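Colleague: I'm new to reading structures, and I'd love a close look at one part of this one. Could you take me through the chain that sits in the middle of your notes, and how its neighbours meet it?

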Amino acid sequence: MSAPQAEVTDAPDRGEPAVQLTGITKRFPGVVANSDVNLTVTKGEVHAVCGENGAGKSTLMKILYGMQQPDEGDIAINGEPVKLRNPQDAIKAGIGMVHQHFMLADNLTVGENVFLGAENLHGIGRAARARLAELAERVGLHARPDALLEELGVADRQRVEIVKVLYRGARIIILDEPTAVLVPQEVDALFETVRAMQKDGFTFIFISHKLDEVRAIADTVTVIRRGTTVGTADPKTITSRQLAEMMVGTELPSPETRESTVTDRPVLRLDDVCLSVEGSERNVLDHISFTVHAGEVLGIAGVEGNGQTELVETIMGMRKGGGRIELTGADGKTVELHKLGTLARREAGIGYIAEDRTRHSLLLRQPLWVNRILGYQTRKPVAKGQLLDIDGAREDTRRIVEEYDVRTPGIDVPAAALSGGNQQKLIVGRELSGNPVLLIASHPTRGVDVGAQALIWEQIRQARAAGLAVLLVSADLDELIGLSDTIQVMLRGRLAGEADPATVTPQELGSAMTGASEDSEENGGTA
Amino acid sequence: KDSGAGNNNNAGSGDQSASCVTAPKPPAAPAASSSSAQSTEKVDGSKLKVALAFDVGGRGDASFNDSAAAGTDKAKAELGVTTVTESTAAATEDEAAKSQRLDQLASQGFSPIIAVGFAYAKAVGAIAPKYPNTQFAIVDDDSVKAPNVTSLVFAEEQGSFLAGVAAAYKSKKCHVGFVGGVNTPLIQKFEAGFLQGVKAASTKAKIEDEYLTPAGDFSGFQDPAKGNVKAAAQIAKGADVIYHAAGASGKGVFEAAKSNNAFAIGVDSDQYNQKTVEASKDVIITSMLKRVDVAVFDYLRALAKGDLTSLPKRFDLKVDGIGYATSGGKVDDIKDVLDGYKAQIVSGAITVSDKPQK
Amino acid sequence: MSSWRTRLLPPLLAIVFAVILTAIALIISGADPLQAYGTMIGQLFKGSTAVDTVNLATVYYLSGLAVAIGFQMNLFNIGVEGQYRFAAIVTAIIGGALQLPPVIHVIAILIVAVASGMLYAAIPAVLKVTRGVSEVISTIMLNAIVGGIVAFLVNADQFGVQTGNNIATREIAETGRIPGIPIGSGELFGFVLIAALIGAAYWFMLNRTRFGFELKASGESTTAAAAGGVNAKKMTLIAMLLSGGVAGLVAMPELLGRDFSYGITSTQMYGFTGIAVALLGRNHPAGIALGALLWAFLDRSAVSLEQINVSKEIATIMQGVIVLSVVIAYEIVRRAELAAEQHRVGRALAGNGRKGSSVSEGGAV
Amino acid sequence: MTTADVLSPNTGGTTMPVKPPKRRIPGWLKGAIWGLLAVGVLAIASYATGVNTLTSTNTAHTALRLALPILLCALGGLWAERAGVINIGLEGMMILGTWGAAWGAYHGGVWAGLIAAVVFGALGGLLHAVATVTFNVNHIVSGVAINLLGLGVAKYLANLVFTPLSGNPRQSPPVPKFDTYSATFLSDWLSDLEKMQRVFISDLAGILNGLITEVAPLTMIAIALVPISYLVLWRTRFGLRLRSCGENPVAAESLGVNVYLHKYVAMIISGGLAGMGGASLVLLAGGADYLENQTNNRGYIGLAAMIFGNWRPGGLLGGAALFGYADGLQLAGGGTAVLALLYGAVILLAVIVAVQLFRRQWIASALGVVGAGALYAIYWTNDDLPSDLIPYTAHFVTLIVLAVASQRLRPPKADGALYRRGED
Ligand SMILES: Nc1ncnc2c1ncn2[C@@H]1O[C@H](COP(=O)(O)OP(=O)(O)OP(=O)(O)O)[C@@H](O)[C@H]1O
Ligand SMILES: Nc1ncnc2c1ncn2[C@@H]1O[C@H](COP(=O)(O)OP(=O)(O)OP(=O)(O)O)[C@@H](O)[C@H]1O
Ligand SMILES: [Mg+2]
Ligand SMILES: [Mg+2]
């Protein structure tokens, strides 16, 4: 209906449909998440669904999984019209879903997480564990079934999610942004699993913002924009750029840094920083030293859980470690950070984009302007002495909304009401508004759509050109390579090596991150 | 299965018990002279509009509130009082609520207004001056000084003294116990009299002497389980006659005595006849009687006669405001002893202290 | 969403519901609900009841504020009960012993009250911050223990004075009292004004100061607050101490305005009432004031109900029903509004014709 | 280079602090060790101070009795909070239980009383569920309301129903009590052992003896409910589902668990247990009948015991036992016994210091030494503790134990969270 550029390849000969969604409409208060969506997924294919943040992908999938009820529209599974009133109905219909935000209980064991809700299949005893072991083998999950889930890393958690789905005998599997948290090798492993299962007749619906991934794995791709299906395409023939244009109507941005602005004025110096955690012999941060200069972007690459989080939080003063951390302000004065609290460090000129925005950057139930104050409660324009300057805060929030294109109906809506990308833009705007000398950016574009991504990159680049030092931690290797002046690889709490973003490839970086190169050296063999 | 309650094989075997007693028997009491002799006179109380403001508990507490109610009931029957209203304090109400209650009653034209319990002292002190033509009475308090306020206070220590004597006489192991509910000055009077009474009868008697809760924590009057545990512990230490002044917690004391073959002494009213402790009544050898009913009745009578000066300053053994119960017949054998001590107290030969002498 | 409907409808619905429910209970027990309600309302116009109600509400208000400060920070300070009793006994003793000129005496007493409330609150605060002991357990224990402390201190061997069968601390001299404001036949506590001031200060602190911001921020999300430079442990400590400080004042209206001494018959449970009042008022100072007044009114009603031989438990039941039904009513109204909103969007959409881009131009919301 | 090659050696390494597969000591064993340690310390204290109330049969018996209502309330709390509902309404449900117990027992005997208590408590739980689950009311608000309602309704009903029977609106007429049973044969042998006054053996015998004499069926049921709760909650599918509602209701719902239903069931059980706690105040020999205010905040103590026990059945048993023991000890033994307990605390601290020294935790051991020194000073300089404070021994002990024991509390993750289907 809309989207003239859609190359509709809705060939009727693709095969038997596994899922048919027709005319799905779903309204939330103040927003229409899905409006007249049509989607046909053929048996045995990997069907990608793409779209901007807030386009309505997750909502559509939740409808298909029975978690939400459509206001209008019909669903047919394997040709049979069905009513999916709750996930149980969907599970019975053979649908399984791996959620964007994992649906796991940290305090339960791996086994319990898997068996939960499906106890009538094999009970929760020996038979169940046997079946679990079988499936775990299949997806490469090596955790013990009685390990607490919180002890698992992200990739393993995702495997648990997939095992959960398989355990229920699902034949149609929804993967909602499964790769957002994975490194390339893990993505490859996932894709291998997917392909193997595809051969066994499983059908996949795959959601991702990473278009090359889509092109790598999907047989068909459907694009959703602002709640409606724009069209369906063949990923083998379409380019990433075309796909992006279908999604947003603009060009695909790239995180490339144009020219180097690196100066020799050090801004952040870390000297022999160590951090240990209770209950673990090994240092979480192991003698880390590096320097970030004004105008430089230092990228930190690493598989999640290798100490990046801890590094950032140590610099921010949220964890107390050993060693020296020094910050040189715009006025040339150098302060030793370890004597200062988090607030004082921020006041000294650090802007901080935390990796988990809902946990660390936002007060979700508070309006945007209150969120503007967080972290700046001692400074103009949002505070005067011990008092808050509410007018000032509102004023400046409006400015951020304007400058950073935060899509919001106003500054009085709670932060939770914004989609992830818009939340992130607000945060970036806030953290760049205190005239920082150093920006610590953890995963600044995670889960953010391509448009918002471009904007955030552009802002970082501009600030860098004005002399800002940036410490960038990211799992998105393209972003890291494109944005950084220098890349350090972090492995098991140590800086394991340096890479030149001009020459390194994501694959190389990936193997350095997993320690594969190191292992092969130690083993004297080649991986 | 346990054999239910103890069989009280020692019941009624009071004769051998005197082994504990070291003091000589007091001289026999002279013929009774104390009880109100004026009771024959006809008095008309029909004009009295009586209001009873109870403390926490109210009518039915089988204790002093009930006793006060009995006083008005008797006045209805004998003085022709027609109008009686009652009002009860809530457990956690504040001072103003008590004042409000009295104020309401006064403004509705009630007179006299009888406040039952010393917790009303401040309220009476505050309200009485506002209604100079209304008569007020307050039970258990003599701190309020106003022309229209009458104090109805008791010599609990005197009755408790007799309880102590009875305990000493009835104890086979020469070891007795006191369980107080809440450690307030009022209950200390019971304790003081009891201790003095035991010591008066026996110099070698051992005494357990404990409270359930300290002052201010009134749960000690409400916790039979704790009373039970406390009494059982005292019995385990060797005590075999327990006197309680613990309100509703006393029920637990009786049950502890029953299941451990010991005796107990009740308080305030004749607990042998009390319904709520019926199951263990056979261990109750006597009860210390605090005749709030007598005080209330006498007060109403005096008021009806228009002569409050005839009221005693304190209701004590002499005016039968205090006494001991004989129901169940377990102290019949030592009645002469008890009456002997009573006579000595009445005559002033023995003064009973209202502060515990430990 | 702050129309009069969302704000006022729920409490009204709740009161109506409570009235209906208690009417049923009254009828079962053979009483006449109309007469009962008539008496409850009527009492307000008799004697000094209205003034007494406000006086009692003042106490509840302070208690509610003390609890609310903790709630702002996600601290469940059940311990207001212990803190106010501890402060009351300590303040009564010191206030009774002090001999100072008029205003200074009062100020000294108030300082002692706040400080002693804080002192008692410091125990759970420090235990929580340094040892991670749940404030729920520690304050439950401390609430009980305060009974022993009061008994110990008020004992005639220590600081108590026995009058009749009662023991209380020495009376605070004239100079240390806060004069009342005579209204009709009653006397309004002078402390009412101070309480109002504290309420205003609470509002100002919470909404206009950096400290209030940090408090609310760490109450809403410890992690986000920490990343924003707010030290959650410090905030916990301060919030608990502030809560204790206000709790320390709970007994002051009565102590300085009516009783002048604290003793074994002094009222307890104001702290627990404070929890209900704070919840009823949704932690907002004005809401707490209304909650406190309602609560005090119901408590006073209990006394008047006896005059017509209606069991006064009705008032307690009513309090429970109101607390529960107010929140339920808020939820029902919220859901109704939400559904209405959804309908509105649906209609707007249908009217707009189905243009894909007209759907939520702003991206979200 | 295949991805599998890269990944497989490192799969364990992706989480940062590599946790060595530690050997977990089973909970029951840990409990048993703690129990024996406690008895050992008490034995030494009792021997050294000559106060044998510390481990006497009577003390143990009393402790069990006093711990019972607390234990049942704590179990009630466990069921609720494992399903994600904070239950501070335990007190109110317990009060309803006391009324129900008296009413049922009066009309139909003890068992009817017990059932009525459970039903009344469960009604309170049901109301809490309606408010919190269906109407998304803040759990604390609802709990506070239920405490008020429980009190009000019980008073109202007592006034209505009991006044004609007992003449007293605050009290029921006397009601039948549970018979008690003793393992006579065993207990004779144990009392002989106890009388021998051998350190530890006699103490253990004394304590055991107290636990097996004059035991009512209700007591046995309550104790049995601890392992039963464990088995049901941790070893059955129903329990798994129930706990998942307290950990991550959205995930549970997405797996087809009916979260509302499970929360409802959990709350009904929770209320029933609290009601049973009320019954244990009414239906045990020596207890009250229905009596206004008899619960005296035991519901709150039960909640505290549950938190103390880290939301685990064994732990809350420990919490309830600790409280019951300390309370029983002060009631039965008075000031001297409490002083002896202080002595025991000094010994315990010494043990802890030794352990900390062994672990090279210098600061902790220093603190321990200071604490032990302070306690010993109190013990040494006082013949008697202030009698006004002794009734609160149990509260002090709980506070001190909490302050000393390191707290690794782990509430269910979604405890108290408001959950609505379809709103994640
Ligand atoms: N429960 C809800 N209540 C209100 N609005 C909702 C709800 N869930 C989703 N929405 C709205 O629906 C729209 C679509 O959200 P959805 O999560 O489906 O986006 P998405 O395509 O998955 O985005 P992303 O790429 O960021 O994951 C958003 O604008 C969001 O604001
Ligand atoms: N209860 C709610 N009320 C209002 N909006 C909601 C609610 N729950 C979710 N949303 C909306 O749902 C949208 C999508 O939520 P979701 O958790 O799927 O994140 P997302 O859009 O996928 O973001 P990201 O991909 O960055 O993680 C958000 O934009 C948010 O506005
Ligand atoms: Mg999504
Ligand atoms: Mg998303």
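Modeller: Here is a walk through chain D, its contacts with two other chains, and then a few spots elsewhere.

Keep in mind that this is a predicted model. Let's start with a single helix, α14 of chain D, which runs over residues 362-381. How far apart are its end C-alpha atoms? They are 28 Å apart, and that agrees with what you'd expect, because 20 residues at 1.5 Å a residue should span 28 Å. The expected span is 1.5 Å times one less than the number of residues, so you count the steps rather than the residues themselves.

Now, which residues of α14(D) are buried? They are D:S365, D:G368, D:A372, D:L375 and D:Y379. These buried residues cover an arc of only 90° around the axis, so they lie on the same side of α14(D). Turn to the other side of α14(D) and you meet exposed residues: D:W362, D:I363, D:L367, D:V370 and D:T381. Buried here means under 20% relative accessible area, and exposed means over 50%.

Next, let's see who touches chain D. On the chain B side, 32 residues are in contact with 39 residues of chain D. Between them, chain B and chain D bury about 2,800 Å², with 48% of that on carbon and sulfur atoms. The rule finds two salt bridges across this interface. One of them pairs B:K251 with D:D289, whose closest N and O atoms are 3.0 Å apart. Eight residue pairs are in polar contact across the interface of chain B and chain D, both residues being at pLDDT 80 or more. Which parts of chain B do the touching? β7 (206-214), α6 (224-236) and α7 (250-259) of chain B each supply at least two residues of the side that touches chain D. Of the elements on that side, α6(B) gives the most, with nine residues.

Then there's chain C. Its contact with chain D takes 47 residues from chain C and 45 residues from chain D. About 3,800 Å² is buried between chain C and chain D, and carbon and sulfur atoms give 79% of it. How many salt bridges does the rule find here? Zero across the interface of chain C and chain D, though seven residue pairs are in polar contact, again both at pLDDT 80 or more. On the side of chain C that touches chain D, α1 (4-28), α5 (102-131), α6 (135-154), α12 (270-280) and α14 (313-352) of chain C each supply at least two residues. The largest share, 16 residues, comes from α14(C).

While we're on chain C, two of its residues are worth a stop. C:N165 is in the loop between β1 (161-163) and β2 (166-168) of chain C. Is C:N165 buried or exposed? At 4% relative accessibility, it counts as buried. Leaving out residues up to four places away in sequence, C:N165 touches B:F118, B:D140, B:D141, B:P185, B:L186, B:K189 and C:I264. Its side chain reaches the backbone oxygen of B:D140 at 2.6 Å.

The other stop is C:E214, in helix α8 (residues 210-220) of chain C. C:E214 is buried too, with a relative accessible area of 7%. With the same sequence neighbours left out, C:E214 touches A:L343, A:Q377, C:V230 and C:M235.

Methods: Residues numbered from 1 in each chain as written. Chains lettered and ligands numbered in written order. Predicted model: local features only at pLDDT ≥ 70, side-chain atom pairs only at ≥ 80, totals over all residues. Heavy atoms only, no water. Helix = DSSP H or I, 4+ residues; strand = E, 2+ residues; numbered from the N terminus. Buried < 20%, exposed > 50% of the residue type's maximum accessible area, 1.4 Å probe, protein only. Arc of directions from axis to C-beta. Contact = heavy atoms within 4.5 Å. Buried area = accessible area lost by both parts, 1.4 Å probe. Salt bridge = Lys/Arg side-chain N within 4 Å of Asp/Glu carboxyl O. Polar contact = N/O pair within 3.5 Å; in protein donor to acceptor, adjacent residues only side chain to side chain.
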